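Biologist: Please pick one part of this model and take me through it closely, then show me how a few other spots compare in the same terms. Plain language is fine.

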Amino acid sequence: MGKGSILIVEDEGVIAKDIQLTLRRLGYTVLGRASSGAAAIEQTRALQPDLIIMDIVLKGEMDGIEAAEFIRDGFDVPVIFLTAYADDEHLQRAKAAEPFGYIVKPFNERDLRSTIEMALYKHKAEKKLRESETIFRSTFESIPDPATIWEQQPDGRLILTQANKAALEATGGSMGAFIGADLETLYSGEPQILANARKALETGQTVREEIHPTTKYSQGEWFLIDYARIGEGKIIIVAKDITKRKHTEEAFIKRSRALQALHEVLLEIGAEVEMPVVLRRIIEAAMSLLDAEHGIITLYEPATRSLRIVEAVGMAEAHTDDIIPAGDQQENLNKLLEAGQPLIVARWEGCIPKYADADAITMLAVPLLPQDQVAGILWLGADSEKRVFDQDDVWLAEMFATKAAVAVERCRLFQVEREQHALVEALRDTAAAISRTLDLSEVLDRILTNVGRVVPHDAASILFIEGSAARVVRCRGFAERGLDKDVHNLRFRIHDTPTLRRMVATRQPSIIPDTRNSPDWIDIPEIRWARAYLGTPICWEDQAIGFLTLDSATPGAFTPAHAEQLRAFTDQAAVAIQNARLYRELQTYSANLERMVERRTAELRRIKDRTEIILNGSPDAILLLWPDGTVQMANQAFCDVFGYAHSDEVFGKPLNTLVEASKTEARESTLQEVVRQKRAGRVTFTACRKDRSTFDAEAAIAPVIEGNRVVGLVCSIHDVSAFKEMERMKDAFIQNVSHQFRTPVTTLQLYTQLLLKQPSKAGQYLQVLNDQANRLVSLVQDILEITALTSAAIAGRPVALADVIESVALEYGDRARAAGLTLSTTTPGASLTVQGDFDRLAQALGELTENAITFTPAGGQVTLSLDTQTEDGKPWAVLVVRDTGPGIPPGERERVFERFYRGGIAGSGHIPGTGLGLAIAQAIVERHRGHLDLVSPGEAGGATFRIWLPAAGETAPPAV
């Protein structure tokens, strides 16, 4: 690709040709040549060159300068002037044409190339600058907020140079008149604007600030202004109108502060429980929150559809307890009650004409809705000329009223609860007072004394039902009127007395608000002074046994609430009366019952003592159980077997806690079967001691039956671990003996049959038969030997262990030499003796020696030695048999003393033997109260067997 295309405008052909050749040599493309200004314009239009080299002086009507000006304005193609003239006139004209360079004739190739490159670069840069300016201008105009550009002058002043469309519209076009104005002068009242502008110019960083300008050039009140440097000495200022946002924030802050104040007020109100105090604080707090001058709370009474003023602050304080009817004329009041919505009333008289003298008061009424029902109304009033309520006030008042209604309802519930609590306290104290005695006369006096705490009255009477009549048995309040004796003589036929008849039939209290206006009241001279009556039946087991009646000289003194309270009191009194009545009967039986109890207690004590003697005298572990399997009693034998210090440790525990978890199902099944069938049963299980160790046990469970009902269980538990172990050992022994006998017997059978079939091989077969017969004899002898060791007695005589070693060495010396082994002995100089049987100890040591000789290869060594050791603080004599054989593999060491176990080496090497030698040796050692152990470092490391025997005088052999 070429460096650029060039049009040459030169009227002298030789020069033009020279320029053309030079340009091509430099790598440029020459599009053509024009010799006049007009031709240059036409070729520029047609060829669109990147650059024009134009001679200033051209022939014709248009010289090069005129042509360059036309091309600059029409085609935006850069021009380099080519001239041989350097006079001032031509230079001044050439400057006006804004050329991109000059080439003075004659020129050299280097000057031509550098001038062309600079012209192309300058044109390209100017083009980009113009495009950038176009984009900036477009962007500047598209900014939706008012924006202005300021340019710093040499004297430091910032002059307004541009204002976008938004700035002009925001100022009603007036901003355009300030183009060229000084920033400091224009905003003289806002020094922070100039300071922020200079800061942005100096640092190059964008500065942002919210201001509330005093100088008004637009309708806005608050602006967010950004200052940003856009070039050397230039700054753009963008002002965003945030008046609406600030008003929203202010409203939000105002509401937040109001809510905070509301929260604090409600916390204070919530701390109170007294209704009058709460109501007054609600009004005062509402007046403070909403800047009101008057406040009223009215409670709604649905029965009369009216409002009663219960608390007021301000002009209506004198009207507290007034009733405001919600009649047809009260349209606003009816809307409040029906819709339950807040209401702004222009004039106080618009709701309550009674207060017409307050017509200058505007009201804000908010319903109190504790349970979505209008319970009352909060009224707030203010002078209409000073205060006008708006929707923000409605919102805040409604929020406040919602919480205030909850506080009012809480106070009401607290009052109800307090009244109920007081009633409960009175009833409790009364019940306690009248129940402290079982004397009937004293009980009746206390009832009449305490009933006044429940229901206020002037006189009270207690009547008992005797047949078809009721008689006054106690009264109070009549003596002051001189009527006490007269009332005590009164009797009423229940059928003829409406109030008593109704109470007997309904078991409900009866109220007569005014005795003089009631057809149910019977005129009796002694109680003619009574104007109000309240009676309630005294009931026991849903039957009326009497009446408690109250009289008052005040009409309407008793209410349904009083009736319920008196009824609750009478329920307590009925219990006390009935208890007092029964007390005399109980006293009659008391002495007899005590004697019976004493006799029965003595009998039970004797039975218990006998039972404990029997249980504790039994050697078996015995439990007494409840039918559900929990423990009632355990004897001492049980505690000893199961590891408990005392039987109380298992009292109340289920039997399952004494049984291993996996075995509880069988025990539970047996227990249930015994209870169901009412007959004894047995179960074998794994028992758990206190320390969680286990043993095999068998339990015999028998029911304790009283009147065809199982009232308990007797469980006798036996430790059968030894029997179980003997059974396991017997089974294992039989299996091993059977296995050991099976091979030689089978071989005898086989070779006998072969001998019968092939008499010619009698010599060979008879030898095999003889070997197997000898094996059987040896096996039988070993079995008899080990059986004898489990039951035969060991004679307790002193035995010199050195003599035992010498005896064994002498017996097995020839056998060792025949096997190519060295048999040596090592014994201490001092005599070392034990209590036991010389022959049996020699037999045990011989078994170990024979085992060592059998398994040690030729060239090896077997050593018999005697040593002393101390273990667990006791002296021991130790007989040691050490060989240099292959040793015993780790996996077989735990089994070498098992009966009939021969190990892998004996099996793979076909070494004869019964596998009972080590078992016989171990049995002999254990009969001497000693133990036998094995030390084998591993394969090819030999084996060492040690017989540990108690030194003489430490442990005597068992007397079997």
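Modeller: I'll start with an enclosed space and what surrounds it, then move on to some helices and single residues.

First, the ground rules. This is a predicted model, where local features need pLDDT of at least 70 and side-chain atom pairs count only at pLDDT 80 or more, while totals for chains, interfaces and linings use all residues. Residues are numbered from 1 along each chain as its sequence is written, and side-chain values use heavy atoms, with hydrogens and water left out.

The overall picture: the protein has 960 residues, and 42% of them are buried (under 20% relative accessible area; exposed means over 50%, and partly exposed is in between, with a 1.4 Å probe and protein chains only). It has 24 helices and 34 strands, which are DSSP runs numbered from the N terminus (H or I of at least four residues for a helix, E of at least two for a strand). Take the contacts (heavy atoms within 4.5 Å) with a separation of 6 or more: 56% of them join residues 24 or more positions apart.

Now the part I picked. There are two cavities of 30 Å³ or more in the structure. A cavity here is a set of points on a 1 Å grid over the protein atoms alone where a 1.4 Å probe fits but cannot get out, and lining residues have an atom within 4 Å of a point. Points are joined across faces, edges and corners, and the volume is the space filled by probe spheres set on them. The second largest cavity comes to about 250 Å³. Its lining has 19 residues, and those closest to the centre are Phe492, Trp521, Ile524, Ile527 and Tyr533.

By class, that lining is 13 nonpolar, four polar and two charged residues (nonpolar is Ala, Val, Leu, Ile, Met, Phe, Trp, Tyr, Cys and Pro; charged is Asp, Glu, Lys and Arg; the others, Gly among them, are polar). Strand S17 (459-466), helix H15 (498-506) and strand S22 (543-552) each bring at least two residues to the lining. H15 gives the most, with three.

Follow the chain past H15 and you reach the loop to strand S20 (510-512), which holds arginine 507. This arginine is partly exposed, at 24% relative accessible area. Its C-alpha is 6.1 Å from that of proline 537, although the two are 30 residues apart in sequence. Leaving out residues up to four places away in sequence, arginine 507 touches Arg502, Pro537, Cys539, Asp542, Gln543 and Ala544.

Next, helix H3 (residues 64-75). Its twelve residues should span 16 Å at 1.5 Å a residue (1.5 Å times one less than the number of residues), and the end C-alpha atoms sit 15 Å apart, which agrees. Gly64, Ile65, Ala67, Ala68, Ile71 and Phe75 are its buried residues. They cover an arc of only 160° around the axis, so they are on the same side of H3 (the arc uses the directions from the helix axis to the C-beta atoms). Residues three or four places apart point the same way because an α-helix has 3.6 residues a turn.

Right after H3 comes aspartate 76, with a positive phi near 55°. Most residues other than glycine have a negative phi. Aspartate 76 is in the loop between H3 and strand S4 (79-83), and is partly exposed at 35% relative accessible area. Arginine 692 also isn't a glycine and has a positive phi, of about 70°. It lies in the loop between strand S25 (681-688) and strand S26 (694-706), and at 52% relative accessibility it counts as exposed.

Helix H5 (residues 109-142) has 34 residues that should span 50 Å, and its end C-alpha atoms are 49 Å apart, which agrees. Its buried residues are Leu112, Thr115, Ile116, Ala119, Leu120, His123 and Phe140. The C-alpha of leucine 112 is 9.0 Å from that of isoleucine 19, 93 residues away along the chain. Isoleucine 19 lies in helix H1 (residues 13-25) and is buried, with a relative accessible area of 1%. Beyond its neighbours within four places in sequence, isoleucine 19 is in contact with Ile8, Ile53, Leu82 and Phe107.

Methods
On a 1 Å grid over the protein atoms alone, a cavity is a set of points where a 1.4 Å probe fits but cannot get out, and a pocket is an open set with protein on both sides within 12 Å along at least five of seven lines; lining residues have an atom within 4 Å of a point.
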